[in-house]
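Biologist: Got a minute to go through this one with me? I'd like to talk about the helices and the aromatic side chains.

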Amino acid sequence: MKALVAEKAADRSLQDLHFAEVPVPTPAEHEVLIKVHAAGLNPVDYKIVEGGVSAWQYPHILGLDVAGEIVGVGQGGAWYVGDRVSGHGDLTKNGYFAEYVTAPTYELAKIPDSVSYEVAASALCGALTAYEAIERKANFANVNTVLVHAGAGGVGSIAIQLAKLHGCKVFTTVSSSKYDYVKQLAPDAIVNYQTEDVDKELVDLTGGLGVDLIIDTVGKKEAELDLRRLAYNGRLVTIVDVPSLDNVPMFDRGLGMDVVNLGGAHLSGNPYQQADLGRMNAEMLELIANGDVKPLIEKVIPFDQIIDGLTAIKNHEVVGKLVAKID
């Protein structure tokens, strides 16, 4: 079968990757064999190539998000040949940019009949990160205002929609070039961080109270600023890095902080947390099937254009989600 691989450990750029013929894998216990119909492309796909992963064996197949049809079943589990499924994989193992792949059953969810393979593949890495931030880490019992950074991104665009489903006032930050794109998500306020003072705008938007919940998708420096933007009893959920808490009055202001590491569940050794990857996947697919969340696919590309697609993502030429169709 054909797969996109890094041939050796020295392959540390997208230009080093190539398509190769590799054997069709055999599912182990509690795994299934999937004929891939679509695969989602994510920034992490090129970042782990450039950074390297010590656990990889070579040639290593790339790709973390898969949607397809089960064509083989290992021992154990209640999955059947013909089931339409999707899942978000373990970056330390062989990935999903291939014609056939094996996947552990705990990460899988059945794709509703009304949801295409392409849409299912688009609703994994970024969407499930947003889902975990909003539906697992945040507590909306006392939340009126939410700030989602980078609202045009794969995580931010889903987080805005999920937060709005909770009935909150949702603010987001974007660059000038993505301002119009974010309008379709109907946040209550859009702050252009390139032309506006984010702190001042948030003071005005919250009447000086601060924001109840902030989803940081940017990085440590922004998260440190966010801790000072929170309201009393406010909470920061960060998905990139942990900010320094030095000189932050966490106790005095009753502040809280959570960290999202979606793929870390694979390596946790905790079967309940591993299975939650599948539960969150199923819950997200139900929201999409019901029309409550839009997946926002920008383009579906052929399998042999994945390297070009990842290059476009790296160069910030993509707004929305890229999905590769594999026939």
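Biologist: Let's start with tyrosine 58: what relative accessibility does it have, and how does it count?

Modeller: Keep in mind that this is a predicted model. Buried would need under 20% and exposed over 50%. Tyrosine 58 comes out at 33%, so it counts as partly exposed.

Biologist: And which residue forms an aromatic pair with tyrosine 58?

Modeller: The pair is edge-to-face, with 75° between the planes and 6.4 Å centre to centre. The partner counts as buried, at 7% relative accessibility. That partner is tryptophan 56.

Biologist: How many residues apart in sequence are the parts that phenylalanine 19 and phenylalanine 303 tie together?

Modeller: Those two rings are also edge-to-face, 5.2 Å centre to centre. Phenylalanine 19 is partly exposed at 24%, while phenylalanine 303 is buried at 10%. Phenylalanine 19 belongs to strand S2 and phenylalanine 303 to the loop between strand S15 and helix H9, so the parts they tie together are 284 residues apart.

Biologist: On to helix H4, residues 154-165: how far apart are its end C-alpha atoms?

Modeller: At 1.5 Å a residue, its 12 residues should span 16 Å. The distance in the model agrees with that: 18 Å.

Biologist: How many of the residues of H4 are buried?

Modeller: Among the buried ones are Val155, Ile158 and Leu162. The buried residues pack against several elements, including helix H3, strand S10 and helix H8. H4 is largely enclosed by the rest of the structure, because the buried count out of 12 is nine.

Key. Residues numbered from 1 in each chain as written. Predicted model: local features only at pLDDT ≥ 70, side-chain atom pairs only at ≥ 80, totals over all residues. Heavy atoms only, no water. Helix = DSSP H or I, 4+ residues; strand = E, 2+ residues; numbered from the N terminus. Expected span 1.5 Å × (residues − 1). Buried < 20%, exposed > 50% of the residue type's maximum accessible area, 1.4 Å probe, protein only. Contact = heavy atoms within 4.5 Å. Phe/Tyr/Trp six-rings, centres within 6.5 Å; stacked < 30°, edge-to-face > 60°.
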